[in-house]
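Here is a short tour of a few local features, written with the backbone angles and side-chain packing in mind. Please keep the viewer open as you read.

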Amino acid sequence: MSKQSPFAREEVMEAYLDSLLKEPETPEDVTARTAKLLEQASQQMTESALTHVDELKTETDSTSADPQTVIAEKVTAFIETEKVEVSEDEAASAIEPQVESQNETALSDANKTKIPLKDTLGFRFQALFFEVAGLTLAVPLTTLGGIHQIEKIGPLFGKPDWFMGVMLHREAKLNVVDSAKWVMPEKYDENLAQSLNYRYLIMLGESVWGLASEKLVNTVNLTSDDVKWRESTGKRPWLAGMVKEKMCALIDVEELISMLNKGLGSNDQTP
């Protein structure tokens, strides 16, 4: 974890994540709250990092491979397995008679309504944990599109300040998001910017959007009960909830992609 991280203590991180799950505050309230959190964090900068980092060390001590590489390979293998299963299901359905009644069509239209992430994941699911400026974020593996090492990024003019630019990967052009600036703009300053060391690009679903990450922490098995789910709707739809014991934000990838496509920041109100 970066020495300049504003999240040196778990209780400080918990307070910050709890505040995100609540209704947006006025600019004055955000400034005051941020100042208080930063003051608390600055007094404990030398304390140990999150406990799940130790879990990762235990898991990877038995291998000489780079822990980051091990995690990336595990995620890639999972994604490839999911793609194979989906392809088999599609092939099976393609040979079945495709007869739709009016009732079935109406049901299909009804299913287009947004389903909460909690209901789509099931009770047990896996998530990738990664770090950005001392804040740990989690993404369900079923909503990941892959992990790439960050290479040369070409900036584009006329884009939001959180848009770092475009990275070429094989024949694809990937949009790179400055995750720290997007997720916590109220904490982003010159010191934080200088301390960032983005190494990985966490791809979101089948989109061209990727979140810049400093560190891959681990892949973790979770249950629905492990998450403090966001209760209100319409505010910060990208934040599905908080993984309680791990003190990290769980991302709703579908909502995040929608916001990025519209050029919205994390605190912007969706139309």
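## Helix H9 and its buried side

In this predicted model, helix H9 covers residues 253-261, and its buried residues are Val253, Glu255, Leu256, Ile257, Met259 and Leu260. The general geometry helps when you look along the axis: an α-helix has 3.6 residues a turn, so residues three or four places apart point the same way.

What do the buried residues of H9 pack against? Their partners include two helical or strand neighbours late in the chain, helix H7 (179-183) and strand E12 (248-251). Strands E2, E6, E7 (200-204) and E8 (209-213) are packed against as well.

## The two ends of H9

At the start of the helix, aspartate 252 places a side-chain oxygen within 3.3 Å of the backbone nitrogen of glutamate 254. Just after H9 comes glycine 263, with a positive phi of about 75°.

## Two positive phi values outside glycine

Alanine 133 is not a glycine, yet its phi is positive, at about 50°. You will find alanine 133 in the loop that links strand E1 (124-132) to strand E2 (135-140). Arginine 170 also has a positive phi, near 60°, and is likewise a residue other than glycine. Its loop lies between strand E5 (163-169) and strand E6 (172-177).

Are these loop residues buried or exposed? Alanine 133 counts as buried because its relative accessibility is 2%, under the 20% cut-off. Arginine 170, with a relative accessible area of 79%, is over the 50% limit and therefore exposed.

Methods
Residues are numbered from 1 along each chain as its sequence is written. This is a predicted model: local features need pLDDT of at least 70, side-chain atom pairs count only at pLDDT 80 or more; totals for chains, interfaces and linings use all residues. Side-chain values use heavy atoms; hydrogens and water are left out. Helices (H or I, at least four residues) and strands (E, at least two) are DSSP runs, numbered from the N terminus. Buried means under 20% relative accessible area, exposed over 50%, partly exposed in between (1.4 Å probe, protein chains only). Contact means heavy atoms within 4.5 Å. A polar contact is a pair of N or O atoms within 3.5 Å; within protein, one must be able to donate a hydrogen and the other to accept it, and residues adjacent in sequence count only if both atoms are side-chain atoms.
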